[in-house]
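Reader: Hey, can you walk me through this one? I'd like to start with where the chains meet.
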Amino acid sequence: MPEFIREFIDKIKFIYLGDSRYLKLIEGFTNTLKITAGALVVGIIIGIVIAAVRSSYDKNKESLKLRGGIGYHILKVFNAICQLYLTVIRGTPVVVQLMISYFVIFAASDNGVMVGIFAFGLNSGAYVAEIFRAGIMSVDPGQFEAGRSLGFNYIKTMRYIIIPQMFKAVLPTLLNEFIALLKETSVAGYVGVMDLTKAGNIIAGRTFEYFVPLFTVALTYLVCVIVLTSLVSRLERRLRKSDR
Amino acid sequence: MTDNVLIKVQDLKKYYNGEDVKALDGISCEISKGEVIVVIGPSGSGKSTFLRSLNLLEIPTGGHIFFEGTDITDRKTDINVHRQKMGMVFQHFNLFPNMTVLKNMTIAPVKLLGADKAEAEKKARELLARVGLEDRADAYPSQLSGGQKQRVAIVRALCMSPDVMLFDEPTSALDPEMVGEVLDVMKELANEGMTMVVVTHEMGFAKEVGTRVLFMDEGKILEEGTPDKIFNNPENPRLKDFLSKVLI
């Protein structure tokens with residue numbers, strides 16, 4: 001074995017095995033996955049609710065006005081709240097939102113992962129909402145009428161008819177959002193959460209070796225993204241079964 | 001006669017932009033069980049708006065619609081319950097593209113009526129057989145021809161066992177050679193005594209199957225009567241003009 005390879009392997013052994021530093025990396029990676037997965041779920045739930053409110057307001061305001069009653073006013077208030085949320089979340093940096101969540105809103109808690117899920121979920125929800133809304137609006141209005149004419153109420157039409165079709169239409173865009181989310185969680189270290197990036201940074205700081213830890217971190221993100229992409233393209237193929 | 005009335009429309013109005021556009025300008029009529037009402041008229045006459053008002057896909061600006069004795073234009077009425085009894089067939093089929101033919105047909109009975117899945121599928125297959133599509137149960141809508149899609153759309157509505165079927169230009173989006181197969185299904189349905197309201201440009205169908213023809217223009221019913229009267233002895237000048245252009 002050439003000298004330089006053996007030196008390199010020794011270096012890696014020193015970096016990761018010394019002081020069991022590899023445990024830091026594992027902990028960081030686990031936290032990154034936890035935050036991403038949690039934020040994903042929170043984001044999708046927020047996204048569906050907001051997209052449903054916003055698109056039903058856009059689609060139904062005329063007919064609701066005609067039918068009278070308070071339905072129109074309730075929807076209008078909800079729509080305004082959603083609008084405000086979207087403006088604030090999309091108008092401020094995610095790091096700032098994360099710091100406000102950790103140091104102000106949840107100042108009493110030191111569970112960084114939970115705060116991370118909250119902050120990134122809230123942030124992601126705003127983007128997912130707009131993706132879903134575009135998806136809902138892209139489904140042929142005839143689909144909606146067919147659902148209603150069979151006797152499905154508004155919510156059931158959404159649930160059984162529109163949202164499954166919407167998912168298929170937005171899957172690629174949604175994937176982009178997930179990839180962005182995964183990488184965005186790398187700023188979690190700002191509030192002291194031991195995520196993958198932070199772990200790499202700490203190991204680098206302790207060993208004065210930057211090349212190996214940082215490339216390990218980069219490679220880990222890359223592999224995650226590749227796995228995610230291939231999973232979604234497999235799902236997409238399955239959903240496309242109905243397209244002939 | 002009166003207790004036979006299925007749908008009663010009173011002074012139905014649909015205005016857009018205040019009173020600028022009068023899509024429906026005071027429509028009144030009664031539809032009895034077993035009738036096949038054919039609505040004809042030039043484009044923009046309001047016939048589709050009228051049909052779509054019957055199950056409130058269009059919300060009228062004024063007037064009342066009574067379906068089986070209930071005022072469905074009343075805000076307190078749960079329209080979804082009544083829509084289950086009013087089947088609708090659209091010009092562009094509006095089949096659910098992400099579901100198989102069978103799923104298209106069973107989703108409403110299963111989710112809305114709480115029907116047993118196997119039971120609903122059995123009924124769906126029977127209906128499919130009646131329209132000659134028993135072998136397409138597992139196909140997706142994109143794998144069907146236009147005529148097949150429309151036949152599926154008809155039996156999808158029938159799966160809910162409706163009391164009336166509303167047809168909104170069911171053959172207008174079809175290739176000419178596929179019109180016949182859809183009209184045949186509709187004829188058969190009419191012969192079985194289904195109450196039907198059909199907006200169409202197929203004058204042959206109106207003559208042969210219709211029990212009553214409504215001629216609409218500018219949001220009003222200008223003339224109504226048996227097919228024989230409408231096509232052979234039209235009185236309204238607008239109707240005469242219309243027939244002279246479409247019939248040959």
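Author: Sure, we'll look at the contact between the chains and then at some salt bridges. Two notes on reading it: residues are numbered from 1 along each chain as its sequence is written, and chains are lettered from A in the order in which they are written. This is a predicted model, where local features need pLDDT of at least 70, side-chain atom pairs count only at pLDDT 80 or more, and totals for chains, interfaces and linings use all residues, while side-chain values use heavy atoms, leaving out hydrogens and water.

Reader: OK, how many residues does each chain give to the contact?
Author: Chain B gives 34 residues and chain A gives 26 residues, where contact means heavy atoms within 4.5 Å.

Reader: And how much area do they bury?
Author: About 2,600 Å² between them, with 59% of it on carbon and sulfur atoms. Buried area is the accessible area (1.4 Å probe) that two parts lose on being put together, summed over both. On the chain B side, Ile59(B), Arg75(B) and Phe96(B) lose the most area to chain A, together 20% of what that side buries.

Reader: Any salt bridges across the interface, and if so, which residues form a salt bridge?
Author: The rule finds one there: Glu145(A) with Arg52(B), their closest N and O atoms being 2.7 Å apart. A salt bridge here is a side-chain nitrogen of Lys or Arg within 4 Å of a carboxyl oxygen of Asp or Glu.

Reader: Why would those pair up at all?
Author: Side chains of opposite charge can pair when their charged atoms come close.

Reader: New topic: how many salt bridges are there over all chains?
Author: The structure holds 22. One of them joins Glu3(A) and Arg6(A), at 2.8 Å between the closest N and O atoms.

Reader: Where do Glu3(A) and Arg6(A) lie?
Author: Both are in helix α1 (residues 3–17) of chain A, three residues apart, about one turn of the helix. Helices are DSSP runs (H or I, at least four residues), numbered from the N terminus.

Reader: Is Glu3(A) buried or exposed, or partly exposed?
Author: Glu3(A) counts as partly exposed because its relative accessibility is 48%. The cut-offs are under 20% relative accessible area for buried and over 50% for exposed, with partly exposed in between (1.4 Å probe, protein chains only).

Reader: What about Glu130(A)?
Author: Glu130(A) is buried, because its relative accessible area is 17%. Glu130(A) forms a salt bridge with Arg133(A), at 3.3 Å, and Arg54(A), Asp58(A), Glu130(A) and Arg133(A) are linked in a network of salt bridges.

How values were computed: Helices (H or I, at least four residues) and strands (E, at least two) are DSSP runs, numbered from the N terminus.
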